[in-house]
Amino acid sequence: MNDYFIRCENLSYIYEDTGESAIPVFHPALDGVSLNISRGEYLAILGHNGSGKSTLAKLISMILTPKSGKIYIDGTDITDETLGEDAQYELRRRVGMVFQNPDNQLVATVVEEDVAFGPENLGIPSDEIRKRVDDALSLVGMQDYKRHAPHKLSGGQKQRVAIAGIIAMHPDIIIFDEATAMLDPIGRRDVLAIMERLNREDGITVINITHYMDEAARADRIVVINDGKTLLDGTPDEVFSNVPLLHEVGLEAPQSAELIHALREAGLVINSNAITPEGCRDLLIRLLSGGDR
Amino acid sequence: MISDITLGQFFPGSSILHRLDPRTKLLLSLLYIIGVFLLNTPMAFILYTLITLSLILASRISMRVILKGIKPIVIVLIFTMIINILLTSGEGEPLFSFLIFAVYKEGIIRAFFMAYRVIMLIVGSSVLLTYTTSPIALTDGLESLLSPLKLIKVPVHLFAMMMTIALRFIPTLIEETETIMNAQKSRGANFTEGSIIKRARALIPILVPLFVSSFKRAEELAVAMECRCYRGDVGRTKMNKLKYRLRDILWLTVGALLFAGLILLSVKSAELSALGEAMRILFYKI
């Protein structure tokens, strides 16, 4: 049972909105979600706006505390209120977060100073920080910009700096909370490539929270969250083969899966699935040449 | 447009002044500023001018940049000079008079000294500090110099952090102001015509969204900082530790000596002999 790196048991969270009326309005954001994540996994969490996917991330990174339910990170119960302050910060170090707006997570006026911010907070000796900062910046390909001012960088570059700032803290897991949503296609591609390299080469557990289907399709496993509940949980192939259910909750499958679904609807008998353009191409070639379906 | 404003006006470089520890430069500029108000004899003025010129040379900042730095205050300076010349009365005959004004020698000297002091103040402090020290080094230096105040519970680290974040977000907010202004302009807002009151009112639809978004930014930044384990200066280290080097000690010594020389040159000879007399009595008693 302790094999899982992160275990979420029956998590619930309710947002309280007092707003303009005196009577508070309650918005349930999560409603009994259970989720297990293994070490080194590359997981995508899908859901439309307001589905509760970001709330889940904030619970795991201890920004919010669940109303009920338990979260264990590497066997430690992070919802335990008797947890000491040092233990809390150690858990924060192990769980890195990259947010949506790259501007609002950079602290310093110089790129390398910003990357050093995390390690400085951890009280790491100066020489070691210098080494970590250089390593992290070259890992995200920003070493040539280390003396630059963040506001002169593009969105994608800023996001890469923000990622370097997390890497320099040597986390076990990085949660990308819609980290590509505000970026242009080039920036998105770069950030996604870094995400995947961190997962494959450095063994860091990656959770990509997104509403881009093509991004989710690249993960090892997808969890679809809708109305605060887990709707689907499986490999991209499994999740995206259930096109009608996705449509029902206002989501779309990747275009390739949508095409196959549309062909099936039109009466064509297709037994296999395709979620990438390449897979779809191969499938169509096989179909057109009258081969195996 | 607005984004042309360069705050702090730091010019990156590798001159000896650039490489000095920011604390050294802060201390030296403190001496420099006190010095400019002490001097009152021609010899002191010459020494002071020489010090300023050598600082400019040491910073390798071009004269054009420095003159450009004075330009914004030229009108104010000329205006105060005229007021000084016209309104200062002196002993003896006025040099000349017209209308109700009489111009005395003292007035001219006073106006000249005043202008000299202001110009030296601006040139010296910008060469010593803002032109040659990056904002972050300046904040670090201030934090380190003020750190004794931590003993009496002054949150020095938080002030430095706030300053760093302010410097970081000024360009971002300027950019945002431009975006909001363009958005309002495209909907027919007019910021350049009408009475002052009308123009001030036109700014409200800019300031309100700017404030709202700043609060949102602040909240997001706070969350991001917390996720990066920020807990004030509890157990915090620095990547670039400030370190006094030999050159800093050298510069501070030379600075202190020049400052002493300046005092000696500025104290009138009568006061000097009185000082000497006092010393003699003191030593005699011992």
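This is a short tour of a predicted model, starting with chain A and ending where chain A meets chain B.

**Stop one: chain A as a cartoon.** Select chain A and colour it by secondary structure. You should find eleven helices and ten strands. Chain A is as compact as a globular protein of its length, because its radius of gyration of 21 Å is close to the 19 Å that the globule rule gives for 293 residues. If you draw a box along the principal axes, the C-alpha atoms of chain A fill roughly 65 × 50 × 45 Å.

**Stop two: inside chain A.** Keep chain A selected and colour its residues by relative accessible area. Of the 293 residues, 53% are buried. Now turn on the contacts with a separation of 6 or more: in chain A, 61% of them join residues 24 or more positions apart.

**Stop three: the surface of chain A.** Switch to a surface view. Chain A exposes about 13000 Å², with 48% of that area coming from carbon and sulfur atoms. Next, pick out the charged side chains, where you will meet 28 positive and 46 negative ones. The centres of these two sets lie 4 Å apart.

**Stop four: where the chains meet.** Bring chain B into view and select the residues in contact across the two chains. Your selection should hold 39 residues from chain A and 30 from chain B. Together the chains bury about 3200 Å², and carbon and sulfur atoms account for 53% of it. To finish, show Arg168(B), Arg228(B) and Met239(B) as sticks: they supply 29% of the area that chain B buries against chain A, more than any other three residues.

Definitions and conventions. Residues are numbered from 1 along each chain as its sequence is written. Chains are lettered from A and ligands numbered from 1 in the order in which they are written. This is a predicted model: local features need pLDDT of at least 70, side-chain atom pairs count only at pLDDT 80 or more; totals for chains, interfaces and linings use all residues. Side-chain values use heavy atoms; hydrogens and water are left out. Helices (H or I, at least four residues) and strands (E, at least two) are DSSP runs, numbered from the N terminus. The radius of gyration is taken over C-alpha atoms; the globule rule is 2.2 Å times the number of residues to the power 0.38. Buried means under 20% relative accessible area, exposed over 50%, partly exposed in between (1.4 Å probe, protein chains only). Contact means heavy atoms within 4.5 Å. Accessible areas come from the Shrake-Rupley method with a 1.4 Å probe; for residues, only the protein chains shown count as cover. Lys and Arg count as positive and Asp and Glu as negative; His and the chain ends are not counted. The place of a charge is taken as NZ of Lys, CZ of Arg, CG of Asp or CD of Glu. Buried area is the accessible area (1.4 Å probe) that two parts lose on being put together, summed over both.
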